[in-house]
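User: Please take a close look at one part of this structure, a single residue and its surroundings, and then place that part beside the other features that can be described.

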Amino acid sequence: MELRQLNYFLEIARCGTMSEAAKCLHVSQPALSSALKDLEKELGFPLFDRQGKHLKINNYGTYYAQRVRNIFATLDDASTTIQNSIKDREQTIYCLVNLPIGRVGKIIFRDFYQAHPEIKIRIGFKKTELFNDSSIDMVIFGSTEELSSTKSRISFGSENFVAVLPSNHPLATKDPLYLRDLRNENWIIGEASPMRTCVEEMFSQAGFVPKIVGEMQLYTDILQLVKADIGCTIGAEYTWFDNEDKELSIRRLADVQRSRTFYAEIPEGIVPSQATQYFFSFLKNYKRFSRSKQENLSNIS
């Protein structure tokens, strides 16, 4: 049994004659007649009562026609659902973010959404249930090492590592501020990571071994301890902060500078959707966080 046979059957039932149905279907009358006979033979019962050239659908045919219409309706619904799903997937970006979003992410995603309001970006982090490996369209991450740009990986900005002090600290407004000025302070730093390695190099270059009183996994916890006047930290200038915080003094250092670069990468083996291509191109041409023109994000609304 084929869908073509079922379609022929419904058209014969609608038209009432073989010749009219053949004309509507753009097939020959013998071919249509043969298809109907094959269908009735396979079913084991007639679908029509023959009255000369006219065909009158019988009780078997009436019942069977309703079931066939239900089948076609189900197929149409499945096709529509799949097409909508494909369209939705093409307009959705699953973006794995391996660094805090902060002001960088807030501004980038806002600007992109204003340009492409029809596209949805689903943002996830490592070890969350939002993504599995097969659903990731793009990875955004930071690196303290310079990585080469490729067709699937581009850089779109950078940020400095800065000293973060309680706002009431005696050196909070010192200008310029040197890292060596803070050699006698208590320090709160993150757990082992490329950023921590970079921070340890900053201490070494400044010529002292820090007195570490706390090691935290989350940068938000580190900042809370700084606010509590337990110690100072080295933080990421843009991604660690969203809005201005009156409890903190965020200071670039005059003697020791380190930074990390923001990268976007399409994972190997991924065929990027149209939405992913739009976002990748958007980041590639994004100028707000370029090295050539770093902006003070605290002044950006």
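Analyst:
**A residue and its surroundings**

In this predicted model, the side chains of E237 and R252 are joined by a polar contact of 2.6 Å. E237 sits in the loop between β9 (233-236) and β10 (248-251). Is E237 buried or exposed? Its relative accessibility is 10%, and buried means under 20%, so E237 counts as buried. Leaving aside residues up to four places away in sequence, E237 touches R103, E159, N160, V162 and R252. R252 therefore appears both in the polar contact and in the list of residues touched by E237.

Next comes the empty space inside the model. The structure holds 1 cavity of 30 Å³ or more. About 100 Å³ of space lies in the largest cavity. Its lining includes V97, L99, P100 and I101, along with I140, F156, T239 and F262. Helix α5 (residues 102-115) gives the largest share of this lining, 4 residues. V104, G105, I108 and F109 are also among the lining residues. Sorted by class, the lining has 10 nonpolar residues and 2 polar ones, while no charged residue takes part.

The last feature is a helix, α8 (residues 274-284), in which A275, T276, F279, F280, F282 and L283 are buried. They cover an arc of only 160° around the axis, which means that these buried residues lie on the same side of α8.

Definitions and conventions. Residues numbered from 1 in each chain as written. Predicted model: local features only at pLDDT ≥ 70, side-chain atom pairs only at ≥ 80, totals over all residues. Heavy atoms only, no water. 1 Å grid on protein atoms, 1.4 Å probe; cavity = no way out; pocket = protein on both sides within 12 Å on 5 of 7 lines; lining within 4 Å. Points joined across faces, edges and corners; volume = space filled by probe spheres on them. Helix = DSSP H or I, 4+ residues; strand = E, 2+ residues; numbered from the N terminus. Nonpolar A, V, L, I, M, F, W, Y, C, P; charged D, E, K, R; others polar. Buried < 20%, exposed > 50% of the residue type's maximum accessible area, 1.4 Å probe, protein only. Polar contact = N/O pair within 3.5 Å; in protein donor to acceptor, adjacent residues only side chain to side chain. Contact = heavy atoms within 4.5 Å. Arc of directions from axis to C-beta.
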